[in-house]
Amino acid sequence: MKHGYLSSSLASALLLATAFGLSPAPAQQSAAPTVKTTVEEVLLDLIVRDKKGKPVTDVKPEDLNVLDNGARQKLTSFRLVSGAEALSSSGAKTRLDPLRQIRVVTLAFDSMNEADQRKLARSAAIDLIKGDQGTNVYYSVVVINTQLLVLQPFTNDRAALTKAIERATGGLSATSFASESEAILTQLKRNMGGQNGADQDGLLSAASQTASQTINNGTDALQAKLASVMLDMLRMDSSVAAQGARLTLSALRALVEGQRTIPGRKSVIYFTSGIYLTPELDVPFRNLASTANRDNVTFYSVDTRGVMTGAQNSAARGQLNGATRASATDMSKLSGAVTKDQVMASDNAEISARANVQEPVRDLAESTGGFLISDSNDLRVPLRHVNEEISAYYEVSFNPGIQNYDGSFRKLAVTTNRKDLVIHTRNGYFALPPEARAGGTQPFETPLLKILSEAKSYEDLKFHAGAILLQPKSEATTVAILLEVALNDLRPKPGTAKPLLDLHCSLTALVKDTRGEVVQKLSRDRDFQVTPEQLKLGHFLEKMTVALPAGEYRLESAVMDRESGKIGTQRSAFTVPAARSGVAISSLTPMRSYTPNVKDLDPNEPFQFQGGNITPTMDLTVKKGPNAVLRLFFTVYRDASLTAAPAVDIEFLQGGKILTKVPMQLPAADAQGRIPYLMTIPAASIPAGSYEVRATATQGATTATASTMIVIE
């Protein structure tokens with residue numbers, strides 16, 4: 001019987017936001033009263049139309065009922081923003097301060113291969129910027145190709161915007177956009193007083209100082225603020241790239257979080273042919289929408305495929321019909337073999353629901369207070385509505401009085417006593433404390449971080465965790481953080497149909513230095529499917545890599561089963577030795593399984609051997625039984641400056657006494673100077689007990705040692 005095993009090695013995306021504000025501008029005779037909110041308050045933009053779709057401008061606070069998780073809220077502020085003016089509930093008009101009440105619109109273009117899609121997107125975007133939204137509306141142009149590429153920072157220069165739109169829709173390669181975006185980033189750094197190669201924190205500090213100066217020319221301060229927002233977007237997207245995770249959703253979230261600190265209405269016009277959401281992307285997608293809601297960013301999705309109503313649903317209908325037929329056959333069949341279609345009926349039903357790639361972009365828009373523009377080759381009317389919503393909207397705020405920031409989703413609804421009104425707004429947000437929102441904390445992390453902060457042990461959910469030292473370098477050593485959970489400790493979601501069961505768990509690991517400060521935060525939220533056999537015998541392994549300088553560290557990790565609510569914690573210490581010249585060796589890691597002949601194996605994957613993939617385990621116990629073996633994996637790193645070939649001796653120790661010492665024959669090093677080795681010993685040949693296994697690598701006069709404890713039962 002084969003043991004099922006799931007492995008994931010997506011790198012962590014640490015999205016850290018730096019918040020800064022503007023100092024008071026020079027006094028003006030008609031300064032507008034701004035809507036001030038505390039960090040606990042929720043700010044809502046409301047679009048109000050009549051039954052015919054025309055904007056309504058006579059709404060009063062008493063006409064509205066704002067509900068947060070079903071509880072009616074008392075409004076702490078209310079006003080109508082229209083053009084360059086604000087109208088209070090008393091009817092008083094004041095001009096908006098362009099430094100504090102700007103409106104930013106990001107034109108985000110997915111990569112589009114079809115010429116007709118690019119033409120439709122180009123025409124729509126140029127029509128949009130031609131609209132009259134007032135003097136305090138600024139646009140930027142970005143391309144999203146699993147990363148954020150800036151073609152035009154925020155500006156109201158229509159000629160510059162038109163040029164950038166034409167570039168974005170010109171069918172150019174991502175490589176061309178990448179070099180252009182890098183040049184813009186360099187220019188932004190220079191404008192903010194930074195130099196090429198300066199660190200991002202220094203740049204943002206300079207941006208903050210420039211933006212907060214009380215200067216006579218308010219335009220300079222505004223441009224500094226817009227530049228700092230763009231730098232925030234690029235920095236957050238860069239942090240994702242540095243960790244190796246590259247997803248369109250990550251780029252969109254970086255775009256949203258980069259705008260957190262800027263006041264006013266924030267809109268993203270997303271030109272796309274749709275998003276296909278696999279099950280594991282459901283949670284990141286929900287987090288994107290919630291982040292946009294909390295940061296007051298509205299999405300408008302533009303389906304660049306034009307008239308597609310019949311075509312976009314044909315694949316979905318075909319799969320759903322097949323699932324229905326198989327399900328009907330299964331219900332009417334009383335005997336005989338089960339067909340493959342019947343086994344896959346539930347899968348096909350879910351796939352059919354996901355086949356319409358327009359639904360996710362519709363959900364993203366509608367859940368953040370915008371709408372989808374689709375099924376038309378003439379977008380002038382819906383774009384006029386977008387211009388109207390950018391130009392005029394109601395702005396309200398309230399304090400929900402949250403006592404427990406548990407990361408749960410809080411539903412928002414706005415109703416009215418007037419029958420002639422249709423109100424559009426965002427549908428909710430996750431309850432995160434202000435410091436977590438500022439630090440880019442994701443909703444699923446909140447309960448795990450809270451538990452780890454208590455320094456209390458939780459053992460309801462059993463798992464293994466540890467740090468595996470990989471290749472040492474002069475500046476830092478690569479370290480793999482492994483978290484391993486037995487699948488039978490996770491509860492399947494109710495109503496899950498066989499043959500596949502739905503599981504959902506969240507994992508967080510903190511790497512702390514000797515002062516107790518967090519140097520790395522690694523988190524994952526995993527939603528996956530397993531067979532009943534895998535649930536009984538399989539394990540889930542999360543691999544996350546970090547680079548750490550020499551020093552003493554503490555690993556604190558927590559895992560939560562989202563269905564049962566069970567939580568487990570682990571705490572351990574490890575040391576990263578200082579790098580030195582000569583041969584080096586990784587940690588000794590037990591192996592659970594091996595997959596040979598893996599296609600397109602990543603050459604940088606540390607757990608590989610002879611063209612196959614190693615699945616490590618943190619379980620150091622081997623139970624004797626038929627065909628039971630002890631498998632230990634390690635990698636020797638050759639020093640290219642030495643001519644001698646590396647060699648390794650393996651020792652078994654018990655109570656500090658060497659029981660046996662065996663020299664191992666090593667193969668030649670690969671192109672990167674690595675010599676991966678898998679040691680296999682039948683468990684029957686080892687007496688029961690606890691042992692230290694030590695590997696000593698030598699090359700010339702240099703040596704390196706690694707060891708681990710194992711238990712033979």
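Mentor: A nonpolar core is a set of buried Ala, Val, Leu, Ile, Met, Phe, Trp, Tyr and Cys residues joined through side-chain atoms within 4.5 Å. Keep in mind that this model is predicted.

Trainee: How many residues does the largest nonpolar core have?

Mentor: Look first at Phe-154, Leu-249 and Phe-299, the residues with the most contacts inside this core. Its largest share, 7 residues, comes from helix α5, residues 218-242. The core as a whole has 39 residues.

Trainee: How many residues are in the second, separate core?

Mentor: Leu-128 and Val-137 belong to it. Tyr-300 and Val-386 are also included. This second core has 32 residues.

Trainee: Which residues does Phe-154 contact, leaving aside its neighbours within four places in sequence?

Mentor: Take them in order along the chain. Val-104, Val-105 and Thr-106 are among them, and so are Tyr-138, Tyr-139 and Ser-140. The others are Gln-223, Leu-226, Val-229, Met-230 and Met-233.

Trainee: How many of the residues of α6 are buried?

Mentor: Helix α6 spans residues 248-257. Its buried residues include Leu-249, Leu-252, Leu-255 and Val-256, along with Arg-253 and Glu-257. The helix is mostly covered, and the count of buried residues is 9 of 10.

Trainee: Are α6 and α7 roughly parallel or roughly antiparallel?

Mentor: Their axes are 10 Å apart and pack at an angle of about 15°. Angles under 35 degrees count as roughly parallel. The two helices are therefore roughly parallel.

Trainee: Is the crossing of α6 and α7 left-handed or right-handed, and which residues meet there?

Mentor: α6 passes α7 in a left-handed crossing. From α6 come Leu-249, Leu-252, Arg-253, Val-256 and Glu-257. By class, the contact has 7 nonpolar, 2 polar and 2 charged residues. On the α7 side are Pro-284, Phe-285, Asn-287, Leu-288, Thr-291 and Ala-292.

Trainee: How are α7 and α11 arranged, roughly parallel or roughly antiparallel?

Mentor: Helix α7 covers residues 282-294, and helix α11 covers residues 358-367. Their axes come within 9 Å and cross at roughly 25°. The crossing is right-handed. By their angle, α7 and α11 are therefore roughly parallel.

Trainee: How many residues of the contact of α7 with α11 are nonpolar?

Mentor: On α7, the contact is made by Phe-285, Leu-288, Ala-289 and Asn-293. On α11, Pro-360, Asp-363, Leu-364 and Ser-367 take part. Beside 2 polar and 1 charged, the number of nonpolar residues is 5.

Trainee: Is Asn-69 buried or partly exposed?

Mentor: Asn-69 lies in the loop between β3 (64-68) and β4 (71-72). Its phi is near 55°, a positive value in a residue other than glycine. Its relative accessibility is 43%, and therefore Asn-69 counts as partly exposed.

Trainee: What about Asn-296, buried or exposed?

Mentor: Asn-296 sits in the loop between α7 and β12 (297-303). It is not a glycine, yet its phi is positive, about 65°. Buried means under 20% relative accessible area. Because its relative accessible area is 4%, Asn-296 is buried.

Trainee: Which residues does Ser-374 touch, not counting residues up to four places away in sequence?

Mentor: Ser-374 is in the loop between β13 (372-373) and α12 (380-391). With a relative accessible area of 19%, Ser-374 is buried. The residues it touches are Asp-303 and Gln-358.

Note on methods: Residues are numbered from 1 along each chain as its sequence is written. This is a predicted model: local features need pLDDT of at least 70, side-chain atom pairs count only at pLDDT 80 or more; totals for chains, interfaces and linings use all residues. Side-chain values use heavy atoms; hydrogens and water are left out. Buried means under 20% relative accessible area, exposed over 50%, partly exposed in between (1.4 Å probe, protein chains only). Helices (H or I, at least four residues) and strands (E, at least two) are DSSP runs, numbered from the N terminus. Contact means heavy atoms within 4.5 Å. Axes are lines fitted to C-alpha atoms, for helices over the stretch in contact, and angles run from 0 to 180 degrees between N-to-C directions. Angles under 35 degrees count as roughly parallel, over 145 as roughly antiparallel, 65 to 115 as roughly perpendicular and the rest as oblique. A crossing is left-handed if the near helix is turned anticlockwise from the far one by less than a right angle, and right-handed if clockwise. Ala, Val, Leu, Ile, Met, Phe, Trp, Tyr, Cys and Pro count as nonpolar, Asp, Glu, Lys and Arg as charged, and the others, Gly among them, as polar.
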